[in-house]
Amino acid sequence: MSTPLLSIADYSIAYGTVEAVHDIALNIGDSEIVTVIGANGAGKSTLLNALMGVLPAAGQVRFAGDDIARLEVEQRVELGMCLVPEKRELFASMTVEDNLLLGGYRVSADRRRRGMDDVFRRFPRLNERRRQLAGTLSGGERQMLAMGRALMSSPRLLMLDEPSLGLAPKIVAEIFRIITELRDSGVSILLVEQNARAALRIADRAYMMELGLFTLEGRAGDLIGDARIAESYLGISE
Amino acid sequence: MDGLILLFLLQDGLTNGAIYALLGFALVLVFAVTRIIFIPQGEFVAYGGLTFALLSIGKIPSTIWLLLVFGIASCVIQLWRTRYLLTLRSFIREIAGGIALPLAVFFLIRMLARPDQSAWLNFLLTLAIVVPMGPYLYRIAFQPLANASVLTLLIAAVGVHLSMVGLGLVFFGPEGLRAPTLTDISFTLGKLPFTGQTIAVYAVTLALTGGLYLFFDRTLRGKALRATAANRLGARLVGISVAGSGQIAFALSSFLGAISGILIMPVTTVYYDTGFLIGLKGFVAAIFGALASYPITAVAAIAVGIIEAFASFHASSYKEVIVFMLIVPVLLWRSLYAPQIEEDE
Ligand SMILES: Nc1ncnc2c1ncn2[C@@H]1O[C@H](COP(=O)(O)OP(=O)(O)O)[C@@H](O)[C@H]1O
Ligand SMILES: [Mg+2]
């Protein structure tokens, strides 16, 4: 097997002295959707933030074979990692267009122009709203903008933290369709979801997280059966 | 009071107000990007003005030594901080920015300092000395505190202010200095004379305001600074270095400070500690704009300048008091009606 795009081992993350994620291991290959599912408070967001370099972590982490443990966030972006965080973190006082431009802060002007066309093709809605301030968008539009902004950096690994959170089912379906499209165009996706069934439906592989540990891992199709049990005891209803 | 006096006072107020506006912009910018309430803003005014004054009598300002020290210190700190990530390219960049640049300025000044040197060249040389101090200072004193609270940053800013005033005394001595105007053009409109200095202030302020607007509205760098101010985590996630934004903000701060210092030299005797009071007036204006709005800051700065002009005409010994009293109603109004400024994210 070739080197995975992202691989972590013995990976622990603590807030001060309280450890939230304990000694986990995970691999993501090329053009693969990997999902991490688990209840609220399991440590999923913590994991994504640490992988992006926003939170400090202990253990090994390699991206495309290189040790990236000491890299700053902006250097990870430069390598092709990108996170759409749970709270989106848009530039509310700036226009949709400026948000997207800044998403391509690390790429050449030419790439930025092409990236913008690509985002507007995927999200025609954003094109209609390009002069509008990001802070005035609806929830679905904000999620589209957050994903569009992330795509502007031409990521090789896109990490999505609860992209369906608070969105109407129709928009969720749309977002998930775009996620599979991205995978098919060669982007690897690390998808974190509480909405386990929807995530497992589009994912290739899955990890289940409980209290900072991976308790189950396997092919997404195999886990769907398991997940039904899991869902009942996680108390997730769709 | 007759009409001419009124016009004189308005002109005087507008001229000073323009300077306060520049300083107010710098304070708003630095606070928005770094959350630092930048008390030492005025020190760049004194350093700029005094450096320019020394250059214009052909002396070599000893601030070039300070520039060297700042540059080397910031370079060493940065190399240490990034020791695990160092590449040949980043190493060369650090050496170029922290050591080669101040050395080049150092030798340039020694070559070009002459009593009959043109005022405009001295203007540029002054900027070459004072502007890099801004980013150096950020790296030395503030970058290590990037995640600290606003209060901690304020305390650090007070510390930097005190040490810069002290260094100012060491480098410039206790005497005040003045310097000639940048341009001798002057004309009279009706009975109101416009001197070279007033014209320079208006022209430079307008040009800088326009330039800053274009920078923030049109360039990716400028937008990145706005993005850092709007959402620091968001900015990091798109690959904007918050430390890099901080350095640019500080470069603009020292740039605006130094220019203000040069502009006031013909009409004000500047001492090593004069900057503080001038900076404080910019601060009053910036507070009107809640350290967030450039247009309100500009209008408030002009108002501060005009009120100060009238106060010094009618009650000159109370002039500073009257100006600083302005801040009380603003603070009251802000604390009653404005939403709390968010502490960290
Ligand atoms: N900023 C923080 N400081 C301290 N503890 C935190 C912080 N953020 C999250 N936690 C804790 O870490 C654990 C995992 O949280 P989180 O990663 O947000 O879970 P999830 O995203 O799976 O819902 C929880 O117990 C939560 O209380
Ligand atoms: Mg979460």
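This text walks through a predicted model of two protein chains, A and B, from their interface to the spaces inside.

Start where the chains meet. On one side, 25 residues of chain A make contact, and on the other, 19 residues of chain B. Together the chains bury about 2,100 Å². Carbon and sulfur atoms give 65% of that area. Look at chain A for the residues that lose the most area to chain B. They are A:Arg70, A:Phe91 and A:Tyr105. Together they account for 28% of what the chain A side buries.

Now find the magnesium ion, ligand 2. Its protein donors are two residues of chain A. A:Ser45 offers its OG atom, and A:Glu86 offers OE. They lie 2.0 to 2.2 Å from the ion. A:Ser45 sits in helix H1 of chain A, residues 44–52, while A:Glu86 sits in the loop between strand S6 (81–84) and helix H3 (96–103) of that chain, so the pair ties together parts that are 41 residues apart in sequence. How exposed is A:Glu86? Its relative accessibility is 32%, so A:Glu86 counts as partly exposed, since that value falls between the limits of 20% for buried and 50% for exposed.

Stay in chain A for two backbone details. A:Asp23 is not a glycine, yet its phi is positive, near 45 degrees. A:Asp23 belongs to strand S2, residues 18–28. At 55% relative accessibility, A:Asp23 counts as exposed. A:Ser31 also has a positive phi without being a glycine, at about 45 degrees. This residue is in the loop between S2 and strand S3 (33–37) of chain A. A:Ser31 has a relative accessibility of 34% and counts as partly exposed.

Next, move to chain B and the second largest pocket. Its volume is about 470 Å³. There are 23 lining residues, and the closest to the pocket centre are B:Asp12, B:Asn16, B:Tyr20, B:Val267 and B:Thr268. Which helices supply at least two residues each to this lining? They are H1 (3–34), H8 (196–218), H12 (275–288), H13 (294–314) and H14 (319–325), from chain B. H1 of chain B gives the most, with 7 residues. By class, the lining has 9 nonpolar, 9 polar and 5 charged residues.

Enclosed spaces come next. Rolling a probe the size of a water molecule over the atoms shows where empty space is left. The structure holds 3 cavities of 30 Å³ or more.

The largest cavity has a volume of about 70 Å³. Its lining is made of B:Leu27, B:Phe38, B:Ile39, B:Gln41, B:Gly42, B:Phe276, B:Gly279, B:Leu280 and B:Phe283. In chain B, helix H2 (41–56) and H12 each give two or more of these residues. H12 of chain B gives the most, with 4. In this lining, 6 residues are nonpolar, 3 are polar and none is charged.

The second largest cavity holds about 60 Å³ of space. Both chains appear in its lining. Chain A brings A:Cys82, A:Leu83, A:Val84, A:Pro85, A:Arg88, A:Gly103, A:Ala146, A:Arg149, A:Ala150 and A:Ser153. Chain B brings B:Leu237 and B:Val238. S6 and helix H6 (139–151) of chain A are the elements that give two or more residues. The lining divides into 8 nonpolar, 2 polar and 2 charged residues.

Finish with two buried places in chain B. Helix H9 covers residues 220–230. Its buried residues are B:Gly222, B:Lys223, B:Ala224, B:Leu225, B:Ala227 and B:Thr228. What covers them? The cover includes H3 of chain A. It also includes H1, H8, helix H10 (232–237) and helix H11 (242–264) of chain B.

Helix H11 of chain B also holds B:Ser260. Is B:Ser260 buried or exposed? B:Ser260 is buried, with a relative accessible area of 0%. Leaving aside residues up to four places away in sequence, B:Ser260 touches B:Ile19, B:Leu22, B:Leu23 and B:Val45.

How values were computed: Residues numbered from 1 in each chain as written. Chains lettered and ligands numbered in written order. Predicted model: local features only at pLDDT ≥ 70, side-chain atom pairs only at ≥ 80, totals over all residues. Heavy atoms only, no water. Donors = N, O, S within 2.8 Å, 3.2 Å for Na, K, Ca; no water. Buried < 20%, exposed > 50% of the residue type's maximum accessible area, 1.4 Å probe, protein only. 1 Å grid on protein atoms, 1.4 Å probe; cavity = no way out; pocket = protein on both sides within 12 Å on 5 of 7 lines; lining within 4 Å. Points joined across faces, edges and corners; volume = space filled by probe spheres on them. Nonpolar A, V, L, I, M, F, W, Y, C, P; charged D, E, K, R; others polar. Contact = heavy atoms within 4.5 Å. Buried area = accessible area lost by both parts, 1.4 Å probe.
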